[in-house]
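Trainee: Could you walk me through this one slowly? I'd like to learn how to read a structure.

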Amino acid sequence: MKNTKVTLVPLRADDREQFIKYGATLEFGERDDHMDFDGEIISRKTIERCIDSPDSETYRIVLDGRRVGGVILKINKETHHNELEILFVSPE
């Protein structure tokens with residue numbers, strides 16, 4: 001098995017639009033027929049709402065230096081009950 005390195009990189013403000021585009025559209029190539037009426041896999045509004053939540057932490061998923069996806073986590077610092085809100089990865 002090849003040695004690979006996966007890292008989570010915090011989303012920068014200047015990378016927000018590209019992150020949303022990756023999650024909402026066919027940026028990674030057509031995967032299946034589970035699109036909504038706007039051709040989005042995850043709606044833009046859903047991604048924006050999750051990113052903008054005060055409890056959210058948003059990361060790029062990077063594999064060997066290449067962006068391959070993204071994740072948005074909802075972190076509750078009081079209860080420590082956290083949630084995976086959005087996860088998307090390249091099918092390749």
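Mentor: We can go through the overall layout, then some individual residues and their partners. Please keep in mind throughout that this is a predicted model.

Trainee: Okay, so how many helices and strands does the protein have?

Mentor: There are 2 helices and 4 strands in the protein, and if you follow the chain from the N terminus, the elements come in the order β-α-α-β-β-β.

Trainee: And what share of the residues is buried?

Mentor: Of the 92 residues, 30% count as buried. As for the outside, the protein exposes about 6500 Å², and carbon and sulfur atoms supply 50% of that area.

Trainee: What about contacts between residues that are many positions apart?

Mentor: If you take the contacts with a separation of 6 or more, residues 24 or more positions apart account for 50% of them.

Trainee: Let's look at helix H1. Which of its residues are buried?

Mentor: In H1, the buried residues are Phe19, Ile20, Tyr22, Gly23 and Ala24. The cover over the buried residues of H1 includes helix H2, which spans 44–52, together with E2, strand E3 (66–74) and E4.

Trainee: Which rings make an aromatic pair here?

Mentor: The count comes to 1 aromatic pair. Phe19 and Phe88 have ring centres 5.2 Å apart and planes at 65°, so the pair is edge-to-face.

Trainee: Why does that angle make it edge-to-face?

Mentor: Because planes over 60 degrees apart count as edge-to-face, and the planes of Phe19 and Phe88 are at 65°. The pair also links distant parts of the chain, since Phe19 belongs to helix H1 (residues 16–24) and Phe88 to strand E4 (residues 83–89), with their positions 69 residues apart in sequence.

Trainee: Are those two rings buried or exposed?

Mentor: Phe19 counts as buried because its relative accessibility is 0%, and Phe88 is buried too, with a relative accessible area of 5%.

Trainee: Switching topic, how many salt bridges are there?

Mentor: A search of the whole structure finds 6 salt bridges. One of them joins the side chains of Arg60 and Asp15, at 2.8 Å from N to O. Arg60 lies in strand E2 and Asp15 in the loop between strand E1 (6–10) and H1, so this pair ties together parts that are 45 residues apart in sequence.

Trainee: Hmm, why do Arg60 and Asp15 count as buried?

Mentor: Arg60 counts as buried because its relative accessibility is 3%, and Asp15 is buried because its relative accessible area is 6%; the cut-off for buried is under 20%.

Trainee: Which other residue forms a salt bridge with Asp15?

Mentor: Arg67 does, with the closest N and O atoms 3.4 Å apart. Arg67 is in strand E3 while Asp15 is in the loop between E1 and H1, 52 residues away in sequence, so this pair links distant parts of the chain as well. Arg67 counts as partly exposed, at 37% relative accessibility. Taken together, Asp15, Arg60 and Arg67 are linked in a network of salt bridges.

Trainee: What else does Arg60 touch?

Mentor: Leaving out residues up to four places away in sequence, Arg60 touches a list of residues that includes Thr7, Leu8, Val9, Leu11, Gln18, Phe19 and Tyr22. Its charged end sits over the ring of Tyr22, 4.9 Å from the centre of that ring. Arg60 and Leu11 are 49 residues apart in sequence, while their C-alpha atoms are 6.1 Å apart in space.

Trainee: What ties helix H2 to helix H1?

Mentor: Asp52 and Arg16 form a salt bridge, with the closest N and O atoms 2.7 Å apart. Asp52 lies in helix H2 and Arg16 in helix H1, so the pair ties together parts that are 36 residues apart in sequence. Arg16 counts as partly exposed, at 26% relative accessibility.

Trainee: Back to strand E2, then. Is Thr58 buried or exposed?

Mentor: Thr58, which is found in strand E2 (residues 56–63), is buried, with a relative accessible area of 12%. Leaving aside neighbours within four places in sequence, the contacts of Thr58 include Val9, Pro10, Phe19, Ile51 and Val71.

Trainee: Last one: which residues form a nonpolar patch on the surface?

Mentor: Leu84, Leu87 and Val89 form that patch, with about 280 Å² of accessible area together. Leu84 is found in strand E4 and is exposed, with a relative accessible area of 52%.

How values were computed: Residues are numbered from 1 along each chain as its sequence is written. This is a predicted model: local features need pLDDT of at least 70, side-chain atom pairs count only at pLDDT 80 or more; totals for chains, interfaces and linings use all residues. Side-chain values use heavy atoms; hydrogens and water are left out. Buried means under 20% relative accessible area, exposed over 50%, partly exposed in between (1.4 Å probe, protein chains only). Contact means heavy atoms within 4.5 Å. Rings of Phe, Tyr and Trp (its six-membered ring) pair if their centres lie within 6.5 Å; planes under 30 degrees apart count as stacked, over 60 as edge-to-face and the rest as tilted. A charge sits over a ring if NZ of Lys or CZ of Arg is within 6 Å of the ring centre and within 35 degrees of the ring normal. Patches are made of residues with over 30% relative accessible area and no salt bridge: like charges are joined within 9 Å, nonpolar side chains (Val, Leu, Ile, Met, Phe, Trp, Tyr) within 5 Å. Accessible areas come from the Shrake-Rupley method with a 1.4 Å probe; for residues, only the protein chains shown count as cover. A salt bridge is a side-chain nitrogen of Lys or Arg within 4 Å of a carboxyl oxygen of Asp or Glu.
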